[in-house]
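Work through the exercises below with the sequence and coordinates open. Each task is followed by a solution in steps.

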Amino acid sequence: MKMKKKNILKLLLNFIIKMDINQIQKIQNLLTIIKELQTYTIVLPDLPPSKKNSKQIIYKKGKPIIIPSNNHRMYHLEASKTLKIAQIQHIIPKFIICTMYAPNKRAYDLSNKWETLADLFVDNAIIEDDNINFIPCVM
């Protein structure tokens, strides 16, 4: 469904009008922080495969173990190589802005993709953990 610019502007104005002063101040503070902070740009290959939706079950010593798919493991290896080449040291982010570009118009679950990336950053010691105490804001 395509929306006209006029309709989008009306929606934005309605959203802004309904905001209280605290919300507006929080947004202004966030924009100030964005301008002042050191930033890193990381470009990774392709869209990350979902970790949740493509698990495999293997058996070790007769007990089932759930592991990520081969596709997920291969992505993790390739993206880890890219991160090692970038030589990004351990950082303590105030926020993370993540932009993903899909190769087609197929819908995908953004939170699953983010979870894969967050785990990748933790596994490569770029961030200490991916919980809210270490990353208070993801955009």
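**Exercise 1: a salt bridge in a helix**

Glu 78 counts as partly exposed because its relative accessibility is 39%. The model is a predicted one.

Task: State which side chain Glu 78 meets in a salt bridge, and how the two residues are placed in their helix.

Solution.
- Step 1. The side chain of Glu 78 meets that of Lys 81 in a salt bridge, with 3.4 Å from N to O.
- Step 2. This distance passes the test for a salt bridge, because a side-chain nitrogen of Lys or Arg has to lie within 4 Å of a carboxyl oxygen of Asp or Glu.
- Step 3. Both residues belong to helix α3, residues 70-86, and because they are three residues apart, about one helical turn separates them.
- Step 4. The count for the structure is one salt bridge.

**Exercise 2: the order of elements**

Task: Give the number of helices and strands, their order, and the share of residues that count as buried.

Solution.
- Step 1. There are four helices and two strands in the protein.
- Step 2. Read from the N terminus, the order is α-α-β-β-α-α.
- Step 3. The protein has 139 residues, and 22% of them count as buried.

**Exercise 3: classifying by accessibility**

Task: Decide whether Ile 88 and Ser 54 are buried, partly exposed or exposed, and give a spatial neighbour for each.

Solution.
- Step 1. Ile 88 sits in the loop between α3 and α4 (110-123).
- Step 2. Ile 88 has 15% relative accessibility and therefore counts as buried, the limit being under 20%.
- Step 3. Between Ile 88 and Tyr 40 there are 8.4 Å from C-alpha to C-alpha, with the two 48 residues apart in sequence.
- Step 4. Ser 54 belongs to the loop between α2 (21-36) and β1. With a relative accessible area of 25%, Ser 54 is partly exposed.
- Step 5. Ser 54 and Ser 69 lie 15 residues apart in sequence, and their C-alpha atoms are 5.5 Å apart.

**Exercise 4: a nonpolar surface patch**

Task: Identify the residues of the nonpolar surface patch and check the accessibility of Tyr 59.

Solution.
- Step 1. Ile 57, Tyr 59 and Ile 66 make a patch of about 380 Å².
- Step 2. Tyr 59 is part of strand β1, residues 55-60.
- Step 3. Tyr 59 counts as exposed because its relative accessibility is 60%.

**Exercise 5: two pockets**

Task: Describe the volume and lining of the largest pocket and the second largest pocket.

Solution.
- Step 1. The volume of the largest pocket is about 950 Å³. Its lining has 30 residues, with Tyr 40, Ile 42, Ile 96, Ile 97 and Cys 98 closest to the centre.
- Step 2. That lining comprises 23 nonpolar, five polar and two charged residues.
- Step 3. The second largest pocket holds about 290 Å³. Among its 15 lining residues, Leu 47, Pro 48, Arg 106, Tyr 108 and Lys 113 are nearest the centre.
- Step 4. Seven nonpolar, five polar and three charged residues form the lining of the second largest pocket.

**Exercise 6: positive phi**

Task: Find where Lys 61 and Ala 125 lie, and give the phi of each.

Solution.
- Step 1. Most residues other than glycine have a negative phi.
- Step 2. Lys 61, not a glycine, has a positive phi of about 55°. Lys 61 lies in the loop between β1 and β2 (63-68) and, at 88% relative accessibility, counts as exposed.
- Step 3. Ala 125 also has a positive phi, near 55°. Ala 125 is in the segment after α4 and is partly exposed, with a relative accessible area of 47%.

Definitions and conventions: Residues are numbered from 1 along each chain as its sequence is written. This is a predicted model: local features need pLDDT of at least 70, side-chain atom pairs count only at pLDDT 80 or more; totals for chains, interfaces and linings use all residues. Side-chain values use heavy atoms; hydrogens and water are left out. Patches are made of residues with over 30% relative accessible area and no salt bridge: like charges are joined within 9 Å, nonpolar side chains (Val, Leu, Ile, Met, Phe, Trp, Tyr) within 5 Å. Accessible areas come from the Shrake-Rupley method with a 1.4 Å probe; for residues, only the protein chains shown count as cover. Buried means under 20% relative accessible area, exposed over 50%, partly exposed in between (1.4 Å probe, protein chains only). On a 1 Å grid over the protein atoms alone, a cavity is a set of points where a 1.4 Å probe fits but cannot get out, and a pocket is an open set with protein on both sides within 12 Å along at least five of seven lines; lining residues have an atom within 4 Å of a point. Grid points are joined across faces, edges and corners, and a volume is the space filled by probe spheres set on the points. Ala, Val, Leu, Ile, Met, Phe, Trp, Tyr, Cys and Pro count as nonpolar, Asp, Glu, Lys and Arg as charged, and the others, Gly among them, as polar.
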